[in-house]
Structures are given as C-alpha cells and as structure tokens.
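Let's take a walk through this one together, strand by strand and then on to the helices. Keep the viewer open as you read.

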Amino acid sequence: MASPAVHFKTNYAVSIKIEPFYKGGKVQINKDGTCMFCTCGTKVNIVDIGTGKVTRSIEQEDQEDITCFSLSPDDEILVTSSRALLLKQWDWKENACTRTWKAIHTSPVASMAFDSTSTLLATGGCDSTIKIWDVIKQYCTHNLKGSSGVVHLVEFHPDISRLQLFSSSMDYKIRLWNLSTSKCMMVLDAHYSSVTSLAFTPDGNTLVSSGRDKIYIVWDLKTYKSERTVPVYETVEAVVLLPENEDFTALGVTGKEPHLITAGSKGILRVWEAYSGRCVYSQCVPGKLQKVTEGDADEQSLTHCAIVPATQKLTTVTAEHNILTYDLCTLNLTRQFVGYNDEVLDVKFLGPSDTHIVVATNSPQLKVFELATLNCQILYGHTDTVLALDVFKKGTKFASCSKDKTVRIWKMSKTTGEVNCVAQGLGHAHSIGIISCSRLKEGFIISGSQDCTLKLWNLTKSIEVNSKKAAEPEIFHAELTEQVHDKDINSVVVSPNDKLVATGSQDRTAKLWSTSDFSLIGVFRGHTRGIWSVQFSPMDQILATSSADGTVKLWGLQDFNCLKTFEGHDASVLKTIFVSRGTQLLTSASDGLLKLWTIKTNECVKTLDAHENKVWGLHCNKKDDMVVSGAADSCIIIWKDVTEIELAEEQAKQEDQILKHQELSNLMHEKKYVKALGLAISLDQPQTVLTVIKAIFGEAKGRERLESTILKLRQDQKESVLKFCIVWNTNSKHCHEAQCVVQILLQNETPEQLLQYNGIKGALEGLIPYTERHFQRVNRLLQASMFLDYMWQSMRLTGSSCDSDIHIGGMEIDPFFSMDKAAIGAGKAAITPGSDCPQGSKKQEVGKNVDIDSDSSASNRGNGHKQKHLLSACEHLKENSKPAAESQSDSEEDTKSSEQRAKTSVRKIKQTPPSVRKKTISPNELML
C-alpha cells in the first residue's frame, strides 16, 4: 500500500502557552477555592485552579510594580498598592477599577489585610506607619505611629467587636493596637528575628506567632504573655492552625489539643501539638534531600502556607515560585503549579501519546507538565542545573544530563503518569551539556561533555527490572569514551538506524562517527562560527546543521558535501528539526524567532514570532502535527499545525464570497439597494460598495434615493462607508460619490453622533487634504471655463464681421438671383429667386452663411449686413444701366440687348466662414 502524499506545512498557531504568572510575593485563594491570586510584576494574575490557566489579569495603568494586594473575605473587593503610592480598588470579576486614592504613606505599602467584615482595610508601609481605611465610606479612619522600620505584617483580630489590630515590624516585636483609642495597648516581645506569620485560635484567646528565629510562640491574649516557646530547628515562614471537628488521624492528631502546621526552610510540612511542642507528623517528599544544607535551604524553602476550608486543601508556595496543593487531612500532594520557570534550556514531548512534556530549566529539578490540566510534577535527583534532555522512541523513558557530571534515566508509569528515576550514570569529569538516546531500541545513550569527550552508556536489563521496584537508582558506567572535538560539544544525535552518531562543536565543524567504536567517518566543514545543532533526516541520508553564523546547511552523508544552505535568520540558529517527513525544516534562533523552511525550494514559508529571547528547546511530536518550544523568556509554547484548518477555512471563505456576490448581483437586479449596500459593506470591498452607489445614482432621483439608503444603514455600516469614502476621495473619478456620501452624513448626523464613530478623527484627517485639492481643481476649472466663454463670445463677433465683408468687384453673373428692371428704375434692388429657390425663402437663403450656433439676434445682424451690401451692389448696377435707358433712338435690337443686361443675376461672392471650435463640457463641469 502506497504511503499517503506529503502535504507541506504552511503555518503553526499557538495552542498552549505556559508563561510566568507568579514572580514572588503574596498568594491568596478566594473563599470557594476556585481562583488563586498571584502578583507578577505590574499585574495581579487570577489563575483558575481547575485548569491552571490565567483567566484574568489586573494590571496597573501606571505600569508600576505591585507591592501588595488583598482580597476581602467576601470575595467582592480587591485592593492593590503600587510603587506609585496609589491604592486601587477593583471589581475583579469585571476587571474594572472602581476607585483610586492616594495611600498617604510616604513610601510603598509593604503589607495589607481586611477585617472579617470586609469593611476595614489596614495598610502597613515602609514609612513605619499603619493606616486604617473604611472601604465603604472611603476615608482613612486611623493613622497609627510607633512602629520601627518596615511594617511587614498586619492582621485584624478575628473578633471585630474587640477592634484590635496586630502588627510587626523590623524590631521583631508584635504590637497590639486598640482601634478605639488609636494607641498601642501592648507590645509582645519574645522573638529574636523577623516575625513571619500570626494565627488565632477559633475562640480568639490564643495567638501563635512564628519567626525566622526558628521558633514559634503561643501567646495568651487575656494576659498578653507567652505560654510556650517551641524550637522547630528551621526558619519558619508560615504557621496555620488545623480546624476543629475534622479527622486528622492520618497526621497523628489524636487529642483535642490545638495542632498547627509549620512551613519553612526545609521545604516540608510538619504538624505540631501547639502547647506541648511535640512534632506528630513530618512530611516526606520522594526525591527531596532529607538533610538540608545551608545552600539547599534557599531553593527548597516554603515561603507561604494557607488553608482553604471550602475545599479542605492546603496551599504552599516554594522559593522557586512553585505552588503546591495538598489534601488537608492527609497532606498528599494533589496539584502543582509552576509560577515561574526561569530560563528554559530544553523541552521534549513525553508519554506514549505525547500527553506530557518534560522541561529542563535553570534548576536542578525537572518539571513534567500534563498538557490537559497543566498539572506539574517536579522531579528531584540532580544536584545542579539540568542542561539537556532526550526521549526514547516509545515515549515512556527519557534521559537527562546536568552540571553535576551525571546522567539519569527516568521512567513514566503508563497508568498513573508518575515519573521516577531508575538509573544514574557516573564518569564524566566536567559538566555534561548534551545527550542523545538510541532510536530503534532503548539500548544506549550517548552524552557529550565540556571535557570534549563523547561517552556511550549501555542500558542493561537490570535497569528495566529495577524500574519496576521502588528502589534507589541503579548506578551504571560508560562503555566507550572518545575525545571528538577540540572545543565544547554543543550537539550530539544518533541516526535513525542507531549506526551513526553526529556531533557539532564550537570548533565550527560537525563530525560523523560510528556508534560501535566511535571511529571517525567524515568531517563537515563550511560554517564560519560554532555549530549549535545537528540533526539526521528521517527519510534521506542527509545531515542538517545550524550555526551561530545564522545559516542552516544540509550535508550529504556519502561525500560530506554541502547540498543546500538556508539563509534568513539574523541571529544564531540554536535548534533544527525535520518536519513533514523530512521535506521541511523548522529552526529556532537566539532572537526568539522560529522559521519554517521548504527544502525543495529553499523558501522560508513562515516566521513564527512568540518568544522574546533565545529559543533553546524545540521538539516535534510523533504525529508531526504539534511542536513544543522553550525559551529563555520562561515561556513554553505548544504549536499546532493549522495548515489543513486554514485551507478549509479559505475554501469555505471563497464559497461564501461566491454566494454573497451572487446574492449581491440579484439584489442589484431587483433594485433592493439597502440590502445590496449592506451586503457590499459586509464583504468589506470598497469597489463593490462604490458600484452600488453609482447604480443608485443612475436611477431617477438618485440623490434622494442614495440619501434614504445611507440613512437606513446601521452605525457600524456608516462607519465602514465613511472609511471607504477616504479611499474614493483620493481619486478624481470617484470623488463626486465620496463627497456626496460625506455631505449626506454631515447633513443628517449631529456632531455628537459623528463623534461616536470609530476612527472619526482619522477619517477627517484623510478627507480634508484631498477635498481641498478637489476644491482647488474645481476653482481652476471654473476660471478656465470663464476665459473660454469670453473667447467664444469674442470669436462669434469676429466671425459675424468676417461673414458680412462681401467684395463686389469682379463679380460674376449668376442666374441664381435676378433683378427686376422696374425696381431698378425706381431706385430699389428687388431680388427675385431663380428657378431653384422657392419664393418664400428669400431671407432664409440670405442668412444661410451665418453660423448655425449663432442666436437669433446675431442672425438678424448678419442678414442686415448682407442686405446693405446687396443694396450697394444694386446701386452699382443701376449706374451702369443708365446709358441704355437714355438712348431712345437706338435700334430695337439695342433695346432688347439692354433689357437682357438689366435682367442679370447678381452672383454672390462665396467666402469661407471663420473656423470656430465648439465648447466641450466635461462630466465634472456638467455636475457643477
């Protein structure tokens, strides 16, 4: 059976983005346990505990970091403070700021707390003062002075009727304030370091305080004296009292004495009997170091602890910004969230169906995320930063290498998804920077170190057996060791058939080795800077390399020659992988860009821009439809292949466009212009809208019909037409339609309505310059037409004068006109038409030589001139005929001859009329 055709990918879209949502500070959970509030720079992120995704972000407009926040007990009010010394009150469900006021503090607010009624808010500042605010009536009720240094802890007594406030500052003392008198009524002085938390018993008569002096103290609030000081041998960051009437037998709680939980520098939770000081339960976290040294304390320390009564959960926060949720009755871990990943160094898909990803960050711990819920499992084992990862073909095992000079093999349970370390490899003399697993079977791994050596580690069957038992990781050693480069090894990869190994180094070369004995097969030279990544093609005998010189090269494994070079990145290319069954490349660079290349055409198909820093990790899943990338900006992105989706959407869009165009044509044919115009606007095609408007203009009373049609449109449609007018107005061919639409809107819309249009300012800025240009053009045209009219009038007069200049001298006899002899004798020139001219058309024939474009007065003037000239001609004829009339004695033949001469015809002198050009009126002049 033939394999299906390869479809080139054209685009990837972000499917899941795991980004920082907590960078230290306070963490608070609402009363029903569904949302978690975390500070992250200038924002307070609200995380859905069920999905682990950020649903809302409350961000300061002044872009100042948030120093503190507090959520009211009734979950209605969120108050934030920033370095700008402003307090903001938020309706967090609507993501709206309802009130802003000055904090009055002279330095930033360090702590904040509501009372049990959600009415009073206490703020402790770095200026050693405490202020009480009435959030309902919106004014400051108290200004408490007397603390020493930063007030980092404020807490109301749970019984609001007592009107008491507890605070602690840098002098390690707990102050009790009476809000009735605004004075400090008691100072509890017993700690020798900063007080970190306060907890009250349900009856309100006992207070438990903890501090960094590694003790907790039980206080009697009736006598204001300490009843018990208990050493816990760790820096205590938080203490909480277990609720009454609950079954905590799993934690060793048997009596009715109050019990409390402490969280501190050891990174574990411990349960204590409050008065006796006996530790009844100590948490054991698999993989964590049980003996914590001074250096490990900072990394594993718990910084916050809180109980959520509604869900019977306990939430803790680690120094590495991980948020852990435990079952309160058993202290079993239920959920883990990673608030901040730091720099992501490598990332791979994990699991038989690629349902998880494993991430190596700038930390000794590995993080395994479940993509469906973003629940995270933190893997302990390495003692220094993990630098690289690789996964075996089946997806249940993977290998890691670290700066601690060891490699580890991890296995994930197919049923529970739990990951455990099953083997540990020792032998490198320096930190191990790169690792690669075998492809066909889970037989070996190959690692490269900063000592320029390559090691091959065979995985024995005992490792498989040991992985089924809950035992310590098995120790194994390398089978082969070879120095392969002169500088650091940046990349190593095993071929698909497990017979070859390729390495890339800072020495600007890539080398090909035999897996069996590490014998050198060939060297690939051509890059001008160090090589960051090497990768075998899954289909052909080709090796891809990417370098700090910004290029990607393809090499033939037979002759070691460069086949293709891909240029396009402006920075170092850090990772390269093959996709689309070896026909395309996906590369990542140090500028945060990902590029998709088609090998056949050397073309960059798509550039993906979602990261802001170096993209160190890049991996494709087994189905070749998803890619995961991890970068130094602490973001992990799951990319989904959307080529087929976009193709289907494009086809559907084209079909829809065809249907809409057909519908538009039908509406135009039926003269339903309102619907046609609305449909044309929805198509977002200015030319189509212009066609509809011109069709309306072509109708009878088009101006009125256009006005009624425009006024029937919705406001958003009017906004679109106004935007189209900006385009039309730039062209003199369509400016009339644009100006007409603008005139309709200006005449029928009030200024207040026009100001509500989106982009009205930009529309006016685009219309005014071209409108002024059209106005100037019309003015010039009007001036030119006035001059033309003047020239035309002048030419008419000149032409009429020329037509009247008839020269009689040397005239010829023409039988066309005849003169009556008797009329001549009477001194008159009577012109009689010849046989070809009707009797009643004397005057019309005389005026035929006058221009047909002349008006009646000009015609009369022309006829008058011609008659005068004709009379002159008749007088001339009369003078010539006098001798014939006086000679009576001549013979009869002479008389007949003179009569025949008297009946001569005056032939008209033909003259060419002046050539006058008709005035041509343009369509724009006609519109004007």
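Start at the hairpin of S3 and S4, where two residues sit between the strands and Gly41 takes a positive phi near 70°. Bear in mind that this is a predicted model. The two strands, S3 and S4 (residues 43-48), run antiparallel and are paired over six bridges. If you want a landmark in that ladder, pick Cys35, whose bridge partner in S4 is Asp48.

Carry on along the chain and S4 pairs again, this time with strand S5 (residues 54-59), also in the antiparallel sense and over five bridges. Here Val47 has Val54 of S5 as its bridge partner. The hairpin of S4 and S5 has five residues between the strands, and Gly52 takes a positive phi near 75° in it.

Glycines with positive phi are one thing, but what about other residues? Most residues other than glycine have a negative phi. Ser182 is not a glycine, yet its phi is positive, at about 60°. You'll find Ser182 in the loop between strand S16 (174-178) and strand S17 (183-188). Ser634 does something similar, with a positive phi of about 70° despite not being a glycine. That serine is in the loop between strand S56 (626-631) and strand S57 (636-641). Are these two serines buried or exposed to some degree? Ser182 has 34% relative accessibility, so it counts as partly exposed, while Ser634 is buried, with a relative accessible area of 0%.

Now for the rings. There are eleven aromatic pairs in the structure. In one of them, Phe37 and Trp92 have ring centres 5.1 Å apart and planes at 85°; pairs over 60 degrees count as edge-to-face, so this pair does too. Phe37 belongs to strand S3 (residues 35-40) and Trp92 to the loop between strand S8 (86-91) and strand S9 (96-102), so the pair ties together parts that are 55 residues apart in sequence. Phe37 is buried because its relative accessibility is 0%, and Trp92 is buried too, at 4%. Elsewhere, ring pairs link Phe524, Trp555 and Phe560 into a cluster.

Some rings have a charge for company. Lys26 lies over the face of Phe69, 5.6 Å from the ring centre. Arg99 puts its charged end over the ring of Trp101, 3.8 Å from the centre.

Next, jump to the helices. H7 (residues 715-728) has 14 residues, so at 1.5 Å a residue it should span 20 Å, and its end C-alpha atoms are indeed 20 Å apart. Its buried residues are Gln717, Lys718, Glu719, Val721, Leu722, Phe724, Cys725 and Trp728.

Two of those, Leu722 and Trp728, also turn up among the residues that touch the most other members of the largest nonpolar core, which has 33 residues; the others are Leu677, Val689, Leu706, Ile710 and Val741. The elements giving two or more residues to this core are helix H3 (643-669), helix H4 (673-682), helix H5 (686-697), helix H6 (702-711), H7, helix H8 (735-748) and helix H10 (760-804). For a close-up, select Val741: setting aside neighbours within four places in sequence, Val741 is in contact with Ile693, Leu706, Ile710, Val721 and Cys725. There is also a second, separate core of 27 residues, including Phe444, Ile445, Leu456 and Ile489.

Methods
Residues numbered from 1 in each chain as written. Predicted model: local features only at pLDDT ≥ 70, side-chain atom pairs only at ≥ 80, totals over all residues. Heavy atoms only, no water. Helix = DSSP H or I, 4+ residues; strand = E, 2+ residues; numbered from the N terminus. Expected span 1.5 Å × (residues − 1). Buried < 20%, exposed > 50% of the residue type's maximum accessible area, 1.4 Å probe, protein only. Core = buried A, V, L, I, M, F, W, Y, C linked by side-chain atoms within 4.5 Å. Contact = heavy atoms within 4.5 Å. Phe/Tyr/Trp six-rings, centres within 6.5 Å; stacked < 30°, edge-to-face > 60°. Lys NZ or Arg CZ within 6 Å of the ring centre and 35° of its normal. Pairing = 2+ DSSP bridges.
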